[in-house]
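I opened the notebook to go through one protein chain, strand by strand and then inward. Here is the model I worked from.

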Amino acid sequence: MTTKKILGSFILASALLGTSAAGTFANTASMTVVGKANPPIGHYEFCQINMAECAPTGRDAGAHALTETDWKTILEVNYDVNSAITPLTDMEIYGVEERWAFPRTVGDCEDFALMKRKLLIDKGFDPSNLLITVVLQPSGEGHAVLTVRTDHGDFILDNMRNKVLLWSDTEYTYLKRQSSSHPGRWVKLQDGRTSFVGSVNSN
């Protein structure tokens with residue numbers, strides 16, 4: 001399916017849904033925030049070094065109004081970073097369990113997310129809609145992805161796939177993500193598809 005058709009299907013679905021059905025669609029398309037959460041230790045340490053990346057914005061710009069051009073940009077950034085960076089663990093790169101950093105040629109999952117966030121900000125996306133998110137894989141391992149909040153739902157940029165999916169279409173359990181009003185703070189997520197909500201270190 002082409003980019004235009006993919007985006008068009010969301011626009012068409014929103015237009016055709018009735019009031020009650022539209023509410024159900026919105027609940028599925030966007031994650032539910034249920035409270036505060038502690039930041040991953042790697043992100044906390046990253047913020048101590050890169051203070052400008054974690055400075056409070058004091059506002060939530062609201063979900064990004066998704067256009068066909070924006071959708072193409074999201075797909076391109078996800079693909080380009082996935083293609084340019086070789087995935088390696090922090091232990092393999094730095095000899096430590098956890099370190100978040102902007103990657104050059106190699107990186108862990110959170111490094112992919114950091115780079116995608118930076119590139120999308122450079123392309124005009126508001127930081128409040130680019131939220132690093134900690135999830136649980138079906139294997140039980142922690143993982144980090146980038147959530148892009150839009151008026152068509154929360155989309156996931158993942159170093160494990162080039163396809164960009166709605167969060168609810170992925171196999172992950174969603175645990176926590178950056179606050180939309182303060183990138184140095186984190187919030188807990190309620191994953192309506194499962195009763196399990198917790199916190200893990202990202203791998």
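**Strands, core and cavity**

I started with one pair: F155 stands opposite L166 in β7. I am reading a predicted model throughout.

*Entry 1: around β6.* I looked up which strands pair with β6. Strand β7 covers residues 161–166, and β6 pairs with β7 in the antiparallel sense over 3 bridges. A hairpin of 2 residues joins β6 to β7. On the β5 side, I found that β5 (residues 142–150) and β6 are also antiparallel, with 5 bridges between them. That connection is a hairpin too, and 2 residues make the link from β5 to β6. One bridge I noted pairs L146 with L157 in β6.

I then asked myself why β6 is largely enclosed by the rest of the structure. I checked burial, where the cut-off is under 20% relative accessible area. Strand β6 runs over residues 153–158, and 6 of its 6 residues are buried, so the rest of the structure largely encloses the strand.

*Entry 2: the whole chain.* I stepped back for the totals. I count 6 helices and 9 strands in the protein chain. The chain has 203 residues, and 44% of them count as buried. I also looked at contacts with a separation of 6 or more: 60% of these are between residues 24 or more positions apart.

*Entry 3: the nonpolar core.* Which residues touch the most other members of the largest nonpolar core? I found I74, L120, I132, L146, V148 and L157, in a core of 30 residues. Two or more residues of this core come from each of α3, α4 (68–84), α6, β4 (130–136), β5, β6 and β7. I note that α6 gives the most, with 5 residues.

I followed I74 further. Leaving out residues up to four places away in sequence, I74 touches L66, L120, F125, V148, L157 and V164. There is also a second, separate core of 8 residues, and I listed M31, V145, I156 and Y172 among its members. L157 came up twice for me: as the bridge partner of L146, and as a residue that I74 touches.

*Entry 4: strand β9.* Next I moved to β9 (residues 186–190). Strand β1 (residues 32–37) runs antiparallel to β9, and 5 bridges join the two. Strand β8 (residues 173–178) is antiparallel to β9 as well, through 3 bridges. I looked for the residues at one spot. A37 stands opposite W186 in β9. W186 is also the bridge partner of Q178.

*Entry 5: the cavity.* How many cavities of 30 Å³ or more are there? I get 1. The space in the largest cavity is about 40 Å³. I wrote down its lining: H43, F46, E53, C54, F102, L114, R117, I132 and Q178. Two elements give two or more residues to this lining, α3 (41–49) and α6 (109–122). By class, I sorted the lining into 5 nonpolar, 2 polar and 2 charged residues.

*Entry 6: cross-references.* I went back over residues that turned up in more than one entry. I132 lines the largest cavity and is among the residues that touch the most other members of the largest nonpolar core. Q178 lines the largest cavity and has W186 as its bridge partner in β9. Helix α6 gives the most residues to the largest core, and it also gives two or more to the cavity lining.

Notes. Residues numbered from 1 in each chain as written. Predicted model: local features only at pLDDT ≥ 70, side-chain atom pairs only at ≥ 80, totals over all residues. Heavy atoms only, no water. Buried < 20%, exposed > 50% of the residue type's maximum accessible area, 1.4 Å probe, protein only. Helix = DSSP H or I, 4+ residues; strand = E, 2+ residues; numbered from the N terminus. Pairing = 2+ DSSP bridges. 1 Å grid on protein atoms, 1.4 Å probe; cavity = no way out; pocket = protein on both sides within 12 Å on 5 of 7 lines; lining within 4 Å. Points joined across faces, edges and corners; volume = space filled by probe spheres on them. Nonpolar A, V, L, I, M, F, W, Y, C, P; charged D, E, K, R; others polar. Core = buried A, V, L, I, M, F, W, Y, C linked by side-chain atoms within 4.5 Å. Contact = heavy atoms within 4.5 Å.
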